[in-house]
Amino acid sequence: MTLPATRPLALVTGASSGIGRELAKQFADNGFDLIVAAEDVELDDAVEELRGMGATVAPVSVDLTRPEDVERLAAAVRGAGRPLDAAALNAGVGIGGAFAETDLDRELEIVDLNCRSIVHLAKHVVRDMVARGEGRILITSSIASQAPEPFQAVYAASRPSTRRSRSGSGRSSRTPA
C-alpha cells in the first residue's frame, strides 16, 4: 500500500467513530492523508467521509486487542512508502456493570486495547520518528482516568496508563544531550 507523498501522513486508531473520527477529520481538514484503523464496519463510512474531504485514505481493519493485528497495522504504516508525520492513538473501549458481575475475558481485552496495544504501536511509531528526527504522537486518555467511575472499573483503571505512558514516552524518546 504505497500512498502518494504530496501531503503529510497521519495514522488514527479508533477512527470509525467518536473522538477518533473527529481527529481524522481534523487531520484531513489540515491537509493530511490518512491511514485509519478500527475493527468495525463504521470504518467504511468514515473512509468515504474523509475521502470526500480530499484526503487519500488507507483503511486498515484491525482488532488491536490482538498483538498480531497491532503488528499488521505497524506493517501497513511502514508499507505506505512514506514517513508518518503524526499518529493519534485513540482506540479504546469500556464496558459497564458491577465489577463482580462483568466478564473477566472481556475486561482483559479492554486492558489489552487500552494499555498494551498503545505501548505496542507507539513503540513502532516512536522508533521510526526518532530515526527521522521528527514526528508527533497524540495518545488520548479519558476524563474517567481522573476520578472513580462506578460501573466502569476496568475502563477507568486502564485509561490513566495512557496518560502516564504518553507523558513518559515523549521525554524518553529524545536523545540525551
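Modeller: pLDDT is the predictor's confidence in each residue, from 0 to 100. What we have here is a predicted model, and the mean pLDDT of the chain is 84, with 77% of the residues reaching 70 or more.

Colleague: Thanks! Where does pLDDT stay under 50?

Modeller: Over residues 161-169, for which the model has 14 contacts beyond four places in sequence. Where pLDDT is low, the predicted coordinates should not be read in detail.

Colleague: Fair enough. What makes strand S2 largely enclosed by the rest of the structure?

Modeller: Buried means under 20% relative accessible area. Six of the six residues of S2, residues 33-38, are buried, so the rest of the structure largely encloses this strand. Both faces are covered: Asp-33, Ile-35 and Ala-37 are buried on one side, and Leu-34, Val-36 and Ala-38 on the other.

Colleague: How do you know that S1 and S2 pair?

Modeller: Two strands pair if DSSP finds at least two bridges between them. S1 (residues 9-13) and S2 are joined by five bridges and run parallel, so they meet that criterion. As one example, Ala-10 has Leu-34 of S2 as its bridge partner. Between the two strands the chain passes through helix H1 (residues 18-29), and this β-α-β crossover is right-handed.

Colleague: And which strand does S2 pair with over five bridges, with Val-36 standing opposite Pro-59?

Modeller: That is S3, residues 57-61; the pairing is in the parallel sense, and Pro-59 lies in S3. Together with helix H2 (residues 42-52), S2 and S3 make a right-handed β-α-β unit.

Colleague: Let's turn to Arg-21 in helix H1. Why is its link to Glu-49 called a polar contact?

Modeller: The cut-off for a pair of N or O atoms is 3.5 Å, and one must be able to donate a hydrogen and the other to accept it. The side chains of Arg-21 and Glu-49 are joined at 2.8 Å, so the pair qualifies. Arg-21 also touches other residues, including Gly-14, Ser-16, Glu-42 and Asp-45.

Colleague: Nice. What makes the group around Leu-11 and Leu-84 a nonpolar core?

Modeller: Its members are buried residues of nonpolar types such as Leu and Ile, joined through side-chain atoms within 4.5 Å. The largest such core has 25 residues, and Leu-11, Ile-35, Leu-73, Leu-84, Leu-89 and Leu-121 are those with the most contacts inside it. Helix H4 (104-132) is among the elements giving two or more residues, and its six residues are the largest share. Leu-84 touches, among others, Leu-9, Val-77, Val-125 and Met-129. A second, separate core has 18 residues, among them Ala-10, Val-12, Phe-27 and Val-47.

Methods
Residues numbered from 1 in each chain as written. Predicted model: local features only at pLDDT ≥ 70, side-chain atom pairs only at ≥ 80, totals over all residues. Heavy atoms only, no water. Buried < 20%, exposed > 50% of the residue type's maximum accessible area, 1.4 Å probe, protein only. Helix = DSSP H or I, 4+ residues; strand = E, 2+ residues; numbered from the N terminus. Right-handed = clockwise from strand over helix to strand, strands pointing away. Contact = heavy atoms within 4.5 Å.
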